[in-house]
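Here are a few exercises to work through with the model open on your screen. Try each task yourself before you read the solution.

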Amino acid sequence: MSYGNTLREAIAKPGTTPLIGVYDMYSASVAAQHYDGMFVSGFGFAASYYGLPDIGFIAWPDMMAFVQRLRGAFPGHHLLVDIDDGYVDPEVACYVVEGLERIGASGVILEDQKRPRRCGHADGKLVLPLAEYLEKLEMVLATRRDLVVVARTDATEEDDILRRAEALAATDADVVLVDGVRSVEWIERIRKVVGGKPLLFNQIAGGKSPRLSLGELTDLGVDVAIYSTPCLFAAHKAMDTALAELRRADGRLPAAEDGGEIGVAESTRLVAKNITRHRTLPAARENTSVHV
């Protein structure tokens with residue numbers, strides 16, 4: 001089975017393909033109940049695995065081990081993986097890409113940031129000279145077999161955004177991502193300069209980009225949407241609320257029997273599916289793409 005080609009075919013279909021950001025196996029287990037595509041978010045993984053912000057702390061062996069666990073539990077889902085700047089060195093980037101493809105990743109996102117790197121929706125981002133990034137990207141493209149490669153720019157100057165987007169679209173990368181797009185007008189401008197190359201849009205709560213529905217993104221010509229943080233931020237809010245309520249209740253847990261709270265039975269049923277999930281591939285859900 002070619003996971004890269006399967007994702008490539010999904011992207012080529014009419015509509016915008018959503019990929020939901022997951023940060024650990026439990027969040028992935030919940031996301032798998034609703035969507036057929038996952039995005040291994042660097043923001044979420046840095047926060048979950050290290051308890052640190054998304055500014056370059058991730059070590060590639062940790063990311064690779066996580067993706068291997070994901071693929072073992074979810075053999076029928078798309079897995080797009082954020083590999084940041086390829087962990088600095090082009091040779092390391094190629095090694096990681098080769099390893100991720102071997103263990104079943106569907107695709108990777110490679111950015112043009114230089115260190116110190118930042119979340120794509122943060123201020124203070126710095127980018128490599130375009131020629132230096134293109135050299136790294138071409139090495140990665142020559143290394144992959146069927147893996148989908150998303151070429152990402154974090155440029156912030158208007159002329160540089162369009163120049164880089166056009167240059168990325170001219171490569172053999174499968175998809176182009178301009179991160180931190182600030183308006184619908186800029187999505188339209190980027191869509192125009194990348195021509196027929198598939199376009200990816202990154203949605204993150206509280207980020208710089210507008211909040212748009214899949215239908216709106218489809219109308220704008222966006223082929224893929226990654227939702228980096230809904231699971232992470234929802235967990236943050238839910239845990240904070242639950243612990244505040246536990247303190248107010250003097251440590252008395254809420255009743256789970258009425259179905260209003262998650263209890264042992266519901267949690268166990270969820271993760272037990274990951275033991276046997278490999279026996280059958282999930283059927284494609286009708287609501288995972290918006291069609292026109």
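**Exercise 1. Pairing around β2**

Which residue in β3 does G37 stand opposite? Then work out how β2 is joined to its two neighbours.

Solution. Keep in mind that this is a predicted model.
- Step 1: G37 stands opposite H78, a residue of β3.
- Step 2: Look at the whole pairing. Strands β2 and β3 (residues 78-82) run parallel, joined by 4 bridges.
- Step 3: Now go to the other partner. β1 (residues 17-22) also runs parallel to β2, and 3 bridges join the two. Here I20 is the residue that stands opposite M38 of β2.
- Step 4: Add the connection. Together with helix α2 (residues 25-31), β1 and β2 make a right-handed β-α-β unit.

**Exercise 2. The faces of β2 and the sheet as a whole**

Are the two faces of strand β2 covered or open? Place the strand in its sheet afterwards.

Solution.
- Step 1: Split β2 (residues 37-40) by side: G37 and F39 point one way, M38 and V40 the other.
- Step 2: Check burial. These four residues are all buried, so both faces are covered; buried here stands for under 20% relative accessible area.
- Step 3: Zoom out. The sheet is a closed barrel of 8 strands in the order β1-β2-β3-β4-β5-β6-β7-β8, and the pairing is parallel. From one strand to the next, the twist averages 25°.
- Step 4: Try another pair in the barrel. Between β5 (residues 148-153) and β6 (residues 175-178) there are 4 bridges, and A151 stands opposite V176 in β6.
- Step 5: Look for a helix over these strands. α4 lies across β1, β2 and β3, and runs at about 170° to β3.

**Exercise 3. Three residues, three settings**

Sort F57, V108 and R164 into buried, partly exposed or exposed.

Solution.
- Step 1: Start with F57, in the loop between α3 (42-50) and α4 (60-73). Its relative accessibility is 41%, so F57 counts as partly exposed. Beyond four places in sequence, F57 touches Y50 and L52. R117 is 60 residues away in sequence, yet the two C-alpha atoms are 9.5 Å apart.
- Step 2: Move to V108 in strand β4 (residues 107-111). V108 counts as buried because its relative accessibility is 0%. With neighbours within four places left aside, its contacts include L80, V81, V97, L147 and V149.
- Step 3: Finish with R164 in helix α7. This arginine has 3% relative accessibility and therefore counts as buried. Among the residues R164 touches, not counting those up to four places away, are D112, L128, P129 and T153.

**Exercise 4. Two packed helices**

At what angle do helices α7 and α8 pack, and how far apart are their axes?

Solution.
- Step 1: Pick the right descriptors. A packed helix pair is described by the angle between the axes and the distance between them.
- Step 2: Read them off. α7 (residues 158-169) and α8 (residues 184-193) pack at about 35°, and their axes are 8 Å apart.
- Step 3: Give the hand. The α7 and α8 crossing is right-handed.
- Step 4: List who makes the contact. α7 supplies E158, I161, L162, A165 and E166, while W186, R189, I190 and V193 come from α8.
- Step 5: Classify those residues. The contact has 6 nonpolar residues, 3 charged ones and no polar ones.

How values were computed. Residues numbered from 1 in each chain as written. Predicted model: local features only at pLDDT ≥ 70, side-chain atom pairs only at ≥ 80, totals over all residues. Heavy atoms only, no water. Axes fitted to C-alpha atoms, helices over the stretch in contact; angles between N-to-C directions. Left-handed = near helix turned anticlockwise from the far one by under 90°. Contact = heavy atoms within 4.5 Å. Nonpolar A, V, L, I, M, F, W, Y, C, P; charged D, E, K, R; others polar. Buried < 20%, exposed > 50% of the residue type's maximum accessible area, 1.4 Å probe, protein only. Pairing = 2+ DSSP bridges. Right-handed = clockwise from strand over helix to strand, strands pointing away.
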